[in-house]
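Visitor: I'm new to reading structures, and I'd like a close look at just one part of this one. Please pick a part and walk me through it slowly.

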Amino acid sequence: MTNPASHAMPDVIRTWHQIVEARDPKRLDGLLADDVVFVSPVVHTPQTGKAVTAAYLTAALQVLNNGHFRYLGAWYGEASAVLEFETTVDGIVINGVDMIGWNEAGKITHFKVMARPLKAINLLHQLMGAMLQKMAGRP
């Protein structure tokens, strides 16, 4: 993974990159606001709360962050960022963006993932669903 524009990187995004690089979901608890909203590319309704958001991000660290994952670019606002990523899973190149917003305390309040192409979305739906079930202890 590369860290684009690290000289201008907000602290919250720097911490996110450290979590991604280390594949360390334990650090999510300190980074996510209690009322964080997660918007998945494959789930119709936004998911609200630290626990559900941490579950989705933990599953994504397993499914997407596989040695091919890298951030390609970053755009920063005052309390938001857009991070473009690319990875390859099961021979399919997945391109997407993480759109992240945070509060004055430096806690992530909004995390939206958008991905393409359609065959990547279908694969993500299948793999993320399986990973979330596995994490929940369901066969």
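Guide: Let's take the sheet, strand by strand, and then look at what lies around it. This is a predicted model, in which local features need pLDDT of at least 70 and side-chain atom pairs count only at pLDDT 80 or more, while totals for chains, interfaces and linings use all residues. Residues are numbered from 1 along each chain as its sequence is written, and side-chain values use heavy atoms, leaving out hydrogens and water.

Labels next: the helices (H or I, at least four residues) and strands (E, at least two) are DSSP runs, numbered from the N terminus. Two strands pair if DSSP finds at least two bridges between them. With that in hand, you can read the sheet as an open one of six strands, in the order E2-E1-E6-E5-E4-E3 and with mixed pairing. E2 and E3 (70-76) stand at the edges with a single partner strand each, so one side of each is left without a neighbour in the sheet.

Start at the E2 edge. E2 (residues 47-48) runs antiparallel to E1, and two bridges join them. Phenylalanine 38 has glutamine 47 in E2 as its bridge partner. Step across to the other side of E1 (residues 32-39), and you meet E6 (residues 108-116), which runs parallel to E1 and is joined to it by four bridges. Leucine 32 stands opposite isoleucine 108 in E6, and valine 37 has histidine 110 of E6 as its bridge partner.

Valine 37 is a handy place to pause, since this residue is found in strand E1. Contact here means heavy atoms within 4.5 Å. Leaving aside neighbours within four places in sequence, valine 37 is in contact with Pro46, Gln47, Thr48, Thr53, Thr109, His110 and Phe111. For a sense of scale, valine 37 and leucine 123 are 86 residues apart in sequence and 23 Å apart in space, C-alpha to C-alpha.

Now on to E6 and E5. Eight bridges join these two strands, which run antiparallel, and valine 97 stands opposite methionine 114 in E6. E5 and E6 form a hairpin with five residues between them, and glycine 106 in the turn has a positive phi of about 80°. Most residues other than glycine have a negative phi, and most peptide bonds are trans. Aspartate 90, in the loop between E4 and E5, has a positive phi near 50° although it is a residue other than glycine. Aspartate 90 has a relative accessible area of 62%, so it is exposed (buried is under 20%, exposed over 50%, partly exposed in between, with a 1.4 Å probe and protein chains only). Past the end of E6, a cis peptide bond with omega of about -10° joins arginine 116 and proline 117; proline 117 is placed in the loop between E6 and H4.

What lies across the sheet? Helix H1 (residues 11-22) lies across E3, E4 (80-89), E5 (92-102) and E6, running at about 140° to E5. H4 lies across E4, E5 and E6, at about 70° to E5. These angles run from 0 to 180 degrees between N-to-C directions, and the axes are lines fitted to C-alpha atoms, for helices over the stretch in contact.

H4 also meets another helix. The axes of H3 (residues 50-63) and H4 (residues 118-135) come within 9 Å and cross at roughly 115°. Residues making the contact include Ala55, Tyr56 and Ala59 of H3, and Leu124, Leu127 and Met128 of H4. By class, this contact has 11 nonpolar, two polar and no charged residues. (Ala, Val, Leu, Ile, Met, Phe, Trp, Tyr, Cys and Pro count as nonpolar, Asp, Glu, Lys and Arg as charged, and the others, Gly among them, as polar.)

Last, the core. A nonpolar core is a set of buried Ala, Val, Leu, Ile, Met, Phe, Trp, Tyr and Cys residues joined through side-chain atoms within 4.5 Å. The largest one here has 40 residues, and Trp16 and Ile94 have the most contacts inside it. H3 gives the most to this core, with seven residues. Among the residues isoleucine 94 touches, not counting those up to four places away in sequence, are Leu64, Phe85, Ala115, Ala120 and Leu124.
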